[in-house]
Amino acid sequence: MNINANETLLLSIERINFFTYNVCIAAPPNIVSDGLWGDQLNSRIPMKSSLPLFELQLLIIFAVTQICRYILKSFDLPQFIPQMIAGIILGPAIQVEMVDKYKKMLFPYPSQDTLAAITSIGYALFIFTSGVQMDLSMITRTGHRAWTIAIIGLAAPLFICIPVILNVAHLNIHVTDQVFNIAAIVQSETVISFAVVASLLNELKILNSELGRLALSSVLVSDLMSKTITCLTNVFMDTDKDHILVLFASMIAFSIFIPLIFRPAMFWIIKHTAEGRPVSDGYVYIIITIVFALGWLAVKINQDFTLGAFVLGLAVPEGPPLGSVLVKKLHFFANCFFLPIFVTCGMMKADFFSHYSPKAVFITAFSTLFIHLVKVIACIIPALFCKMPFKDALSLGLILNVKGVVEVGVYGILYDDGYIGGLSYAVIMVNIMVIACMVKWSLKHLYDPSRKYTGYQKRNIMSLKPDSELRIVACVYKTHHLSPMKDVLDLCCPTAEQPIVVDALHLIELVGRASPIFISHRIQRTISSSCQKSYSDDVILAFDLYEHDHIGAVTSHAYTAISPPTMMHEDVCQLALDKVASIIILPFHIRWSNDGGIESDDKNTRALNCKLLEIAPCSVGILVSRSSIQSASTIRLALIFLGGKDDREALYLAKRATRNSRIKLVVYHLVPKDQTPDMEYLRDSVALEHIKKLNLENLSYEKLMVNSGPETSLVLRQIVNEHDFFIVGRRHDLDSPQTEGLTTWSEFSELGAIGDLLASSDFESRACVLVVQQQFKET
């Protein structure tokens, strides 16, 4: 390759051999320019100065990447694919004479090295935050399935692919040198990255599904094993045997002493951080400095620069307060700014127009595809032996075969160090793009985590047999939700004859870690020390006290789920499914202050409530709480009944409340003048007649005639201040005269027309509202 010195940042360049150039550079180098009209005698013009050229390159790469992302967003590609396509556009892969002129002007030799070196900082910090988000305690909790799948998935390709590819390459010995280092390519293709798999699962929103948890456990084991193999390979590639022993001892010391020294230091930082306060920025800057210092040390012992960042990341306690702060601080700088440019620069190295023989291309393509096929099969077979359905086993095999930004970095290092040639690098970059897209698209069709909730047995309050226990999943996000949840449990009137079982689920947003966590605190208390602080001490204590106050009538179990807000519904549904719950109680997303103003509004909570209304395996209740009713001597309860299965579900829940003498229930039956009897009307009549026949002193029934939505609103406005608590059904017929016009002005569709009206600030009410939806999908 002949290079014109005018197309570089160098004064002169002369090629000596294939790998070596004799160059002359300015000393000191031109870092800044004298401006557009500056002195050109000293060559301090923008396009010949490093800093302005670097800034322009960043701007161009960012602009092309965003354009690609906008054009391709409808194809649902993995997040890093537009960045790689930008690298193809800006690199030598596309050769148009007029465009090449400007490419050489914008990316002169050797400015790419400066660009890659600086953006590698983002890659190192990405590896560091990936290590921070890893939960090494998963290793001890991982079952035999994950270990078996990880070990076989890693070992089988190494033992099968290397001999096969060597034989194919020997048949074409004259192209072997042009292809690649076979051992390096097989090892790199076999390795899977925890960060890449976690990113894929997060994109697909199956991070905390059953398959997602198994995949994370398997990839954690596989990633640590593959990192160990890579480190040992780097040690034994040294030709000096005496030096090998020194490098091996240094690697062992590096891996042992970093956690021993820095992990206690991290806990010291946490200990000296006030509860509820963020970690001091000074500590964060010191840790980031240590990341680069350990990277320099890793290079000195013949390891990758990122090894120090990875090991230190593992030493940081995941989650808040320290792990979450580091991830938040570095996310934009590493993941959003430098890492995309690093990926683009990696793709810009690929040259598809060099003179490669067809046989070399064939061997490279065959090798990569063969390795992927063997790896997928190696993951499927143990999964099938563990009695997983074939679709789930295939999905798991694809997940553990995905490629991403980590592989771009790995192959970039191999290419720069000369372990693989230009052909191998170009083909492998295309392979990464194809595999990532195929895996994501295939998984969207193969695996649907919500399918296990459909077509299941009826789970609602109406279907319960007399005197059977009522199982409730009570979800709590904040401690102020505890008191309203107890109010609902009181309305269920637990007794020894009709007990309730409460599975209290504390939902916490996943921050500073990649692996979602689901904790059963009853199990945790049997295996953990008494001094260990739980994530949910207040929740555990509150429900333990409630159980103690209702001995023989209430059984409570506390759980904690730490997962991304967009995937919390998986934890709720899975718990409701496992515990055969009849209803899930959810807090409303708005909290009101004492003066009636909005104190907090959590959009994530609202999104979760809406999702659960769609897919929950049992009935769902959304609790709008404004004041506590626990201390009241008499509780004035009202049921608004229009008709339909949701209202009948609410009626059966209200019926349970009448067993408590201090609860006064009024059933308001809103009826239009002209109503055509149908099956729903007959079911409503039967349910209401059953309530009327109870003849209880604390139960009354009122039938009110309404013919339009405004009349319904007027009736509710008249009675809203006469009651402390309302129970209503969520859904009603679209052509129902009682709700005509109300849905048009409804602000919160998840509450239904009546629930939204009662929760409206226009009513100026302090009454609580429980909106009930019967199980959405029935057999």
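These legends walk through several close-up views of a predicted model.

**View 1. The big sheet, strand by strand.**
Here 11 strands form an open sheet with mixed pairing. Following the sheet across, the order goes β5-β6-β4-β3-β7-β10-β15-β14-β11-β12-β13. The edges belong to β5 (517-520) and β13 (699-705), and each has a single partner strand, so one side of each has no neighbour in the sheet. Going from one strand to the next, the twist averages 20°.

**View 2. Strands β3 and β4, side by side.**
Zoom in on β3 (residues 470-476), which is joined to β4 by 7 bridges. The two strands run parallel. For a landmark, pick out C475 and look across to β4, where its bridge partner is L505.

**View 3. Strand β14 and its covered faces.**
How many residues of β14 are buried? The count is 5 of the 5, so this strand is largely enclosed by the rest of the structure. Both of its faces are covered. On one side sit F725, I727 and G729, and on the other F726 and V728, all of them buried.

**View 4. The partners of β14.**
Stay with β14 and look at the strands it pairs with. β11 pairs with β14 in the parallel sense, over 4 bridges, and here A638 has F726 of β14 as its bridge partner. β15 also pairs with β14 in the parallel sense, this time over 5 bridges. In that pairing, F725 finds its bridge partner in C768 of β15.

**View 5. Two helices lying across the sheet strands.**
Helix α19 (residues 482-491) lies across β3, β4, β7, β10, β11 (635-641), β12 (663-671), β14 (725-729) and β15. Its direction makes an angle of about 165° to β3. Helix α27 (residues 752-759) lies across β10, β11, β14 and β15. For α27, the angle to β14 is about 155°.

**View 6. Helix α23, from its cap to its buried residues.**
This helix covers residues 603-615, 13 residues in total. From its first C-alpha to its last it reaches 19 Å, close to the 18 Å expected at 1.5 Å a residue. At the N-terminal end, D602 acts as a cap: one of its side-chain oxygens lies 3.0 Å from the backbone nitrogen of N604. Which residues of α23 are buried? They are T605, L608, N609, L612, L613 and I615. These buried residues pack against β4 (500-509), α22 (568-578), β7 (583-587), β10 (619-624) and β15 (768-773).

**View 7. A salt bridge between helices α9 and α18.**
E203 and K440 form a salt bridge here, with their closest N and O atoms 2.8 Å apart. E203 sits in helix α9 (residues 194-204) and K440 in helix α18, so the pair ties together parts that are 237 residues apart in sequence. Both E203 and K440 are buried.

**View 8. Another stop on helix α18: N431.**
Helix α18 spans residues 422-446, and N431 is found in it. Is N431 buried or exposed? Its relative accessibility is 7%, so it counts as buried. Leaving aside residues up to four places away in sequence, N431 touches E189, T368 and H372.

**View 9. A salt bridge within helix α10.**
This time both partners, K227 and D223, lie in one helix, α10 (residues 210-236). They are 4 residues apart, about one turn of the helix. Their side chains meet in a salt bridge, 3.0 Å from N to O. K227 is partly exposed, at a relative accessible area of 25%, whereas D223 is buried, at 2%.

**View 10. A salt bridge between helices α24 and α25.**
The side chains of R648 and D684 meet in a salt bridge at 2.7 Å, N to O. R648 belongs to helix α24 (residues 645-657) and D684 to helix α25 (residues 679-692), so this pair ties together parts that are 36 residues apart in sequence. R648 counts as buried at 5% relative accessibility, and D684 counts as buried at 8%. Elsewhere, salt bridges that share partners join D76, E203, K440 and K444 into one network.

Conventions. Residues are numbered from 1 along each chain as its sequence is written. This is a predicted model: local features need pLDDT of at least 70, side-chain atom pairs count only at pLDDT 80 or more; totals for chains, interfaces and linings use all residues. Side-chain values use heavy atoms; hydrogens and water are left out. Buried means under 20% relative accessible area, exposed over 50%, partly exposed in between (1.4 Å probe, protein chains only). Contact means heavy atoms within 4.5 Å. The expected span of a helix is 1.5 Å times one less than its number of residues. A polar contact is a pair of N or O atoms within 3.5 Å; within protein, one must be able to donate a hydrogen and the other to accept it, and residues adjacent in sequence count only if both atoms are side-chain atoms. A salt bridge is a side-chain nitrogen of Lys or Arg within 4 Å of a carboxyl oxygen of Asp or Glu. Two strands pair if DSSP finds at least two bridges between them. Axes are lines fitted to C-alpha atoms, for helices over the stretch in contact, and angles run from 0 to 180 degrees between N-to-C directions.
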